[in-house]
Structure formats: C-alpha cells, structure tokens
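Here is a short report on one protein chain. Keep the sequence and the 3D view open as you read.

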Amino acid sequence: MKKMLVLLTPVIILLFAFSNQYQFEVGGIVSDEQSNPIASATVIEKGTKNGTSTDANGKFKIKVTSERSILLVSSVGFDDQEINLKGRSNISVSLKSASQALSEVVVTASGLKKQSRVMAYNSIPSTSLSGKVAGIQIRGASSSHLYGATAASQFDESGKVYRNAYKDSIDKELNTEDYDRIIENRFLKSTDNPLSTFSIDVDAASYSNVRRYILNNQLPPAGAVRIEEMINYFKYDYDGPKNDHPFEVYTEMSECPWNNDHRLVLVGLQGRRIPVETLPSSNIVFLIDVSGSMMMENKLPLVKSSMKLLVDQLREQDKVSMVVYAGNAGLVLPPTSGADKMKIKDAIDKLEAGGSTAGGAGIKLAYKTAKKNFVQSGNNRVILCTDGDFNVGVSSDDELERMIEQERKSGVFLTVLGYGMGNYKDNKMQKLADKGNGNHAYIDGISEAKKVLVNEFGGTLFTIAKDVKLQIEFNPQKVQGYRLIGYENRMLAKEDFNDDKKDAGELGSGHTVTALYEVIPVGVKSSFLEKVDKLRYQKEKNSVTGAAKEGEIMNIKLRYKKPDGDVSSLIEHPVKDSNTSLENTTNNFRFAATVAEFGLLLRNSEYRSDASFTQVINLAKKAKGEDKEGYRKEFIKLASAAGIITNNEESEEETDSRPVSKN
C-alpha cells in the first residue's frame with residue numbers, strides 16, 4: 001500500500017498543480033479609440049498558450065495563472081497592446097488603429113515585397129496633404145493625416161506626386177481587378193414600354209468596395225459603382241408586413257433632387273424580421289480560399305477574424321463544416337456543433353495561405369459536404385470567402401455559373417464574401433452569388449464583417465423569400481417616360497415575370513430592398529426621350545383603360561416563392577399620384593435619393609443633370625436621422641472626400657491640357 005502511495009504521489013501533485021494553474025479570473029472589454037467594441041479581438045496570457053477572444057460586444061473572460069500576469073491584446077487593423085493586470089480583475093482596453101495601414105494593400109501574388117513597399121510610402125513627405133475633414137484617413141499617409149472635404153482644400157505638388165505614384169503603382173504592378181461594364185438603364189417612353197421588370201438585389205458589396213477606393217484616395221472604376229447596391233447598403237425605416245406575406249411594399253414620391261423637371265418614385269420592400277432564437281437550424285459550410293493570393297492582411301487574416309465573429313453567433317443546434325482550397329480542396333473541419341466554438345476557432349486559426357487556386361474543386365466539395373449534412377426545413381448554406389482569383393481547374397465564368405446553377409437545385413444557398421484588392425474579381429463574385437440563390441458582400445475591414453455577419457446575421461444567412469421579381473406598369477396619362485436607377489444586371493424580360501422557372505433574387509430576414517425610378521411627367525419637354533419613326537403596319541396605341549383616369553401613377557406587381565417552394569405567389573400594389581415637396585418627404589426617401597445622386601456622380605452618368613457633391617452632402621445631412629450605427633455619418637464624409645478627389649483630378653487635367661510655353 002505504501003509503495004502504491006509513493007508511486008501515486010507525483011501524479012497527485014501534478015494533477016493538483018494543473019487544477020490550480022489558472023486560478024485568477026479576469027474580465028473586460030476591448031474597444032477602439034471611439035469606444036466602439038471590437039469583436040473577435042484576441043486576448044492571450046503572455047508566455048502561455050492560454051487565450052480567448054472577445055464576443056460581439058467586445059467583452060471577454062479569461063482565467064490566468066496569476067494576478068500579476070500580462071495580457072496581450074490584438075485585432076486585425078489595430079496595434080497590439082500589453083496590459084499588466086497588477087491585481088485587477090476587470091479591465092478596459094482601447095486599441096489604436098494600426099499606423100501602417102498601407103501594408104494591407106500592397107502585397108499580392110505579384111511577388112512585391114511588403115517591407116519595401118511600405119518603406120516607399122513612408123518616405124512621402126508629411127506635408128503632402130492639405131485637405132482635411134475629421135474621420136476620413138487616407139491609407140498610406142501617416143496616422144495623423146485625415147482626408148476630407150472643405151471646398152477650398154487642394155493637394156500641393158507633393159500631394160499630386162503622392163497620388164499619381166500610388167495610383168500608377170497599383171494600376172501597373174498590382175491591379176488585375178475585374179469589373180463588368182455597366183450600360184445604364186435609359187429613359188423609356190411609357191407608351192412604347194409600359195412595363196419595367198427586374199429582380200430584387202439585396203447585395204451591398206459595391207458600397208464597401210467604393211468606400212475602399214475612396215479611402216485609398218482614388219475614384220472607383222465605373223463598373224464598380226452599382227447604384228442599387230449602394231442604396232441597399234443602408235437600412236430604411238419601412239413598416240413590416242401586416243399579413244401572411246413575408247414582406248410589405250412601401251412607396252413614396254417627390255421631385256427629383258438633380259433634375260427639378262423630373263420626379264422620383266421610391267419602391268421599398270421590408271422583409272419580416274424573425275427573432276434569432278426562432279430561426280431554423282443551420283447547416284453551414286465555410287469555403288475558404290487559402291491560395292497564395294490570400295496572404296495579405298486584408299485577405300486571409302481578415303477572413304479568419306470574420307469567421308470567428310460568425311461563430312460567436314451560432315447556437316448548439318447549428319452545424320459548421322469547413323472546406324479549404326488552394327492547389328487542391330480538402331475538408332479540414334467535419335460537421336461541428338455551434339456550441340463547440342473553441343474547436344471551430346482552433347481550426348480557423350490553423351489556416352495558412354499558399355499555392356494556386358482551385359476554386360471550382362472547392363465549390364464542388366463544399367456543396368457535397370452541405371448536401372451530405374442537409375437539414376430539412378433548415379438553413380443550408382455555403383459561405384465562400386475569397387478574392388475570386390481562380391486559376392486551376394474549373395475557373396471560367398461560364399463553367400462556374402453552370403456548376404452553381406446545377407448545385408443550387410439541391411436547396412443549398414450561397415453567400416459570397418469578397419476580400420482584398422489588387423486582384424479582386426468583382427464580376428466573378430457577382431455571378432456566383434446571383435446563380436447560387438445567394439448574396440454578395442465585400443469585406444474591407446473588421447467593422448464591415450461585424451455589420452454583415454453580426455448586425456445583419458439573420459438577413460445575410462436566412463432566406464425568407466426567393467425568386468422575388470417586380471413588374472411595374474406606368475400610367476401613360478401621368479408618366480411620359482421613366483428610368484430605373486441601377487439594377488442593370490437584374491433586368492428581366494416582361495415574359496419572365498410569370499415564368500416560375502426564371503431565377504431571381506432572394507430576400508433575407510429583416511432585409512430592406514429599395515428601388516428608385518426617375519420619371520418624366522406628361523407635358524415636360526425632355527432630350528432624354530428619343531423619337532422613333534411611325535410604324536408602317538401598326539397604328540399607335542392611344543386608348544387607355546378606366547384605371548388610367550383614377551389618379552394612379554403606376555401599378556406594382558411582385559412575385560415570390562417560399563424558400564423551399566417552386567410555385568410563386570402574386571402581390572399587387574397600385575400607387576396613387578401625389579405632389580409631396582422634397583422637404584416634406586421622409587428621411588428614407590431623401591437619403592436613398594442622396595445615395596443615388598452620389599452614385600451618378602461617381603459613374604459620371606449621362607443622366608446626372610444638375611447633381612453635385614455639395615448637394616449630396618447637404619441633403620444627406622438633413623436626412624441622417626437617428627443613425628445608431630453611424631453609417632450615414634460615414635457616407636457624408638466619403639462624399640466629401642470623393643468631391644475633393646474629383647476636384648483635384650479635374651484641376652490636373654486642366655493643367656496637363658495647357659500648352660507648354662517656349663522660351
């Protein structure tokens with residue numbers, strides 16, 4: 001017996017030591033310099049592997065070995081910080097924005113060295129920028145440089161060199177980004193084309209991508225500016241459904257801010273909000289690109305932080321699998337309960353980038369995994385995180401679209417999250433999401449990840465209606481001509497409206513969708529309406545029905561299917577004409593109109609008429625409303641910054657066009 005006790009004593013001592021290893025519990029909150037909580041920040045006890053991460057509210061708890069331990073706190077986009085506990089059991093940590101933000105945008109698969117690129121931009125003189133507005137920071141300038149819009153602000157000569165050097169280096173060495181050309185919807189005569197038919201679009205990728213360009217001191221390419229996505233980035237205060245339909249229709253009209261002879265008609269949809277606790281069980285497959293092009297800080301590291309945010313929202317009944325792809329594709333996490341968050345996060349932490357990009361193989365394996373673990377009446381979804389730069393195996397747009405169209409028949413939806421810059425394939429991402437019964441977001445930072453995956457969790461991942469289409473009939477007694485602003489890649493033939501085989505957009509829980517029509521009233525002379533010769537074999541149609549004389553300006557028809565349905569339901573919503581002044585419209589109307597005007601300016605649209613950045617800013621300020629998240633405030637700053645960039649480019653063009661004097 002004594003011999004056995006002697007043998008067991010070391011084991012008992014060892015067990016006792018381990019049981020008391022972590023004896024001091026610490027809690028706290030991690031926030032940024034504006035006191036906004038930082039989700040998925042990493043908190044590690046220095047000198048150990050003991051760590052945790054903050055929740056969606058920036059809060060954490062961790063047991064450490066001693067009340068004198070030191071905590072290492074870090075998060076993507078922020079400088080790391082060491083905190084000496086000194087006996088404190090509750091701490092508040094404020095992280096500062098990383099000063100070398102440009103390092104996120106200069107390293108791609110081209111082989112350029114991160115260090116040398118950062119050094120090149122660090123050599124820019126501190127006097128290179130003179131235009132300032134609080135809150136907009138140019139990436140690449142020192143942390144003290146803010147970029148904004150006072151009307152008189154201009155770059156000096158150093159600033160011009162700075163911008164051209166940056167832009168040239170991106171364009172010539174790094175930039176292989178792809179955007180489809182957008183041919184803007186034109187004005188149509190209501191007598192010749194009384195019907196306007198399109199699919200809804202809840203994507204918001206364009207706005208965050210445009211923001212990324214402006215914060216990098218560039219105007220976005222026209223193909224990156226999808227006005228409907230910019231409008232739908234923001235929340236609008238529409239009334240929810242009052243019947244069995246999954247959404248409610250909202251309309252409003254007034255004068256058009258950028259053309260006083262025209263009118264603007266807003267059509268909005270408000271999806272039913274389903275409480276998170278009553279959402280159906282989820283079967284989610286993370287499909288993560290770990291190829292060599294994902295090495296940059298704003299790619300795979302940001303993907304990992306984003307996915308951790310999402311993991312924190314999952315429940316015990318939810319399942320997560322993870323597929324990765326580079327040269328090949330593989331399953332790195334079998335289906336795991338949402339309650340086992342540490343196991344999921346550990347798998348995410350182990351991801352590293354390297355190799356080519358077999359995106360097609362990854363998509364096939366992800367759908368196979370989702371179908372194998374399919375949840376009846378549940379939320380079955382693949383979440384693809386990538387820059388879209390596929391180069392091995394099935395990689396052409398046509399091949400990928402056909403594959404996705406086939407896979408969506410299984411009832412598995414697709415969410416596409418885009419990351420990075422320099423080689424970002426926006427056009428490919430759009431097509432994949434469109435064909436996969438899904439949505440597309442561009443994640444330019446951890447704040448955007450929180451917006452998409454935490455604040456809008458239900459709308460992003462849970463579909464309440466699919467194949468949602470609208471068909472508007474305009475009354476020729478009221479409307480001479482009309483133009484749908486945006487939605488160019490969502491237009492449908494009029495025959496597609498009643499065709500249940502025709503694919504259309506999806507609406508998520510609590511989502512809002514907004515569309516704007518610019519209308520030319522009857523009696524207004526307009527150069528936008530082109531004349532067509534009279535027909536030889538048909539008479540012009542001049543007769544109208546009785547409904548045309550009852551004060552209606554338009555009739556809205558909508559079709560939608562249940563998420564697991566194949567037969568559509570019809571909603572009809574006639575709209576009476578009204579003459580509300582712009583000042584008396586709601587914040588919903590004025591802010592949506594402001595974003596549309598901003599998009600027209602960025603696109604340099606032929607339909608921009610009297611649009612101006614000054615008007616955009618002034619109107620947005622009056623329509624800001626409650627703005628709890630601060631997105632509208634940020635929009636005003638972006639519009640200011642874009643106005644200065646535009647003014648400076650125009651000034652340079654004028655300078656370059658002047659004749660050179662000869663001495």
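## Charges over rings

The charged end of Lys451 sits over the ring of Tyr233, 3.9 Å from the ring's centre. Keep in mind that this is a predicted model. A second charge over a ring involves Arg632. Arg632 lies over the face of Phe591, with 4.3 Å to the ring centre.

Lys451 belongs to helix α11 and is buried there. Helix α11 spans residues 446-455 and is mostly covered. Eight of its ten residues are buried. Among them are Ile446, Glu448, Ala449 and Lys450. Val452, Leu453 and Val454 are buried too.

## Aromatic rings

How many aromatic pairs does the count come to? The total is 22 aromatic pairs. One of them joins Tyr236 and Tyr238. A pair of aromatic rings is described by the distance of the centres and the angle of the planes. For Tyr236 and Tyr238, the centres are 5.8 Å apart and the planes make an angle of 15°. This pair is stacked. Both Tyr236 and Tyr238 are buried.

Phe591 and Phe635 form an edge-to-face pair. Their centres are 5.3 Å apart, with 65° between the planes. The pair links distant parts of the chain. Phe591 is in helix α13 (residues 587-603), while Phe635 is in helix α15 (residues 631-657). They are 44 residues apart. Are these two rings buried or exposed? Phe591 is buried, and so is Phe635.

Phe591 and Phe635 also belong to one aromatic cluster. The cluster includes Tyr207, Tyr233, Phe234, Phe598, Phe613 and Tyr631 as well. Tyr233 is the residue whose ring has the charged end of Lys451 over it.

## Helices side by side

Look next at helix α8 (residues 359-372) and helix α9 (residues 397-407). They pack at an angle of about 0°, and their axes are 11 Å apart. Angles under 35 degrees count as roughly parallel, so α8 is roughly parallel to α9. On the α8 side, the contact is made by Gly360, Ile363, Lys364, Tyr367 and Lys371. On the α9 side, it is made by Leu400, Met403, Ile404 and Glu407. Why might such spacing appear along a helix? An α-helix has 3.6 residues a turn, so residues three or four places apart point the same way.

Now compare helix α6 (residues 300-311) and helix α7 (residues 341-349). Their packing angle is about 170°, with axes 10 Å apart. Angles over 145 degrees count as roughly antiparallel, so α6 and α7 are roughly antiparallel to each other. Lys304, Met307, Lys308 and Val311 of α6 make the contact with Lys341, Ile344, Lys345, Ile348 and Asp349 of α7.

## A buried glutamate in a loop

Where does Glu184 lie? Glu184 is in the loop between α3 (157-174) and β8 (188-189). Its relative accessibility is 16%. Buried means under 20%, so Glu184 counts as buried.

The side chain of Glu184 makes a polar contact of 2.9 Å with the side chain of Ser605. Leaving aside neighbours within four places in sequence, Glu184 is in contact with Arg483, Glu488, Leu600, Arg603, Ser605, Glu606 and Tyr607.

## The whole chain

Step back to the full chain. It has 15 helices and 23 strands. Of its 663 residues, 54% count as buried. Consider the contacts with a separation of 6 or more. Residues 24 or more positions apart account for 76% of them.

Technical notes
Residues numbered from 1 in each chain as written. Predicted model: local features only at pLDDT ≥ 70, side-chain atom pairs only at ≥ 80, totals over all residues. Heavy atoms only, no water. Helix = DSSP H or I, 4+ residues; strand = E, 2+ residues; numbered from the N terminus. Buried < 20%, exposed > 50% of the residue type's maximum accessible area, 1.4 Å probe, protein only. Polar contact = N/O pair within 3.5 Å; in protein donor to acceptor, adjacent residues only side chain to side chain. Contact = heavy atoms within 4.5 Å. Phe/Tyr/Trp six-rings, centres within 6.5 Å; stacked < 30°, edge-to-face > 60°. Lys NZ or Arg CZ within 6 Å of the ring centre and 35° of its normal. Axes fitted to C-alpha atoms, helices over the stretch in contact; angles between N-to-C directions. Parallel < 35°, antiparallel > 145°, perpendicular 65-115°, else oblique.
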